[in-house]
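Me: I have a structure open and would like to understand the words used to describe it. Can we go through them one at a time?

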Amino acid sequence: MTVPVALTIAGSDSGGGAGIQADLKTFEAHGVFGTSVLTLITAQNTRGVQAAHPLPPELVAAQLRSVLDDFPVAAVKTGALGNAGLVRAVADVLRGRELPLVVDPVMLAKSGDALLDACALHALRDELLPLATLVTPNVPEWAALRAAGVPDTTPLLLKGGHAPGETVTDELRAHGHHLTLRAARQHTRHTHGTGCTLSAAITANLARGLPLPDAVRAAHAYLQAAIRAAPGLGGGHGPLGHHVAGREVRAGAAAPSAADSG
């Protein structure tokens, strides 16, 4: 039996809660072999991003070709890309490969530090988003994308964590599916890497062969479990409990409330 392979193209979080590190933990928790392409290096912990250094686009493209030329990658996700040159480098290699692609348009760290510059928004709109199977912005990110001219027809999972209220609502509008997922808000500061973790879980589920709505449902349940299982590390926004959540979801202990209208 061949293990499914997923690929993350993202930045490094030295604190281990987001980026490449969170993605690989999430892949592993789903029984998926994780490969990675590093786009930028950050000095980062639960309190914020102290420094960030994007890698040269040609090195990022070389990493990407290296993985795709040797591994049977079944699904890909992107996270922090940092600048327009990196967005274009990634899009140029992925274009025409017909792989499921989840784009997490990472613009801000949980601390509020910027991880995507303004010029990169247009490259994202023109080069990468047309290749995406699914884009997973939160409400502020979607507002920025819409202001940059990204069309409403973009296949979208709109994350509602920034909206007020005791119920968090995510909405899938993609490829003819309209799925609403609700969860009780968890009052905790340990939410570092939630966006990375959700998009990585969707990618892992797609690599396992799940249809998109099922991949999103399962990822939503996994994220809620990962927040509950947070180990309580750090003095700021702490990381999630990726491996504990994987065991909980596999045991059937976590299930989202969902309404699917198409």
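Reply: What follows is a set of short questions and answers on this predicted model.

Me: What makes the chain as compact as a globular protein of its length?

Reply: Start with the secondary structure: eight helices and 10 strands. The radius of gyration is 17 Å, and the globule rule gives 18 Å for 262 residues. The two values are close, so the chain counts as compact as a globular protein of that length. The C-alpha trace spans about 45 × 40 × 40 Å along its principal axes.

Me: How many of the residues count as buried, and what does that take?

Reply: Buried means under 20% relative accessible area. Of the 262 residues, 52% count as buried.

Me: Why is a group of residues called a nonpolar core?

Reply: The members must be buried residues from a nonpolar list, joined through side-chain atoms within 4.5 Å, so a set that meets this is called a core. The largest one here has 39 residues. Leu-7, Ile-9, Leu-64, Leu-94, Leu-124 and Leu-128 have the most contacts inside it. Elements that give two or more residues to this core include β1 (5-13), α2 (57-68) and α4 (118-128). α3 gives the most, with eight residues.

Me: Which residues does Leu-124 touch, leaving out those up to four places away in sequence?

Reply: Contact means heavy atoms within 4.5 Å. Among the residues that Leu-124 touches are Leu-81, Val-87, Val-103 and Leu-145.

Me: What other core is there?

Reply: A second, separate core has 30 residues, including Ala-6, Ala-174, Leu-198 and Ala-200.

Definitions and conventions: Residues are numbered from 1 along each chain as its sequence is written. This is a predicted model: local features need pLDDT of at least 70, side-chain atom pairs count only at pLDDT 80 or more; totals for chains, interfaces and linings use all residues. Side-chain values use heavy atoms; hydrogens and water are left out. Helices (H or I, at least four residues) and strands (E, at least two) are DSSP runs, numbered from the N terminus. The radius of gyration is taken over C-alpha atoms; the globule rule is 2.2 Å times the number of residues to the power 0.38. Buried means under 20% relative accessible area, exposed over 50%, partly exposed in between (1.4 Å probe, protein chains only).
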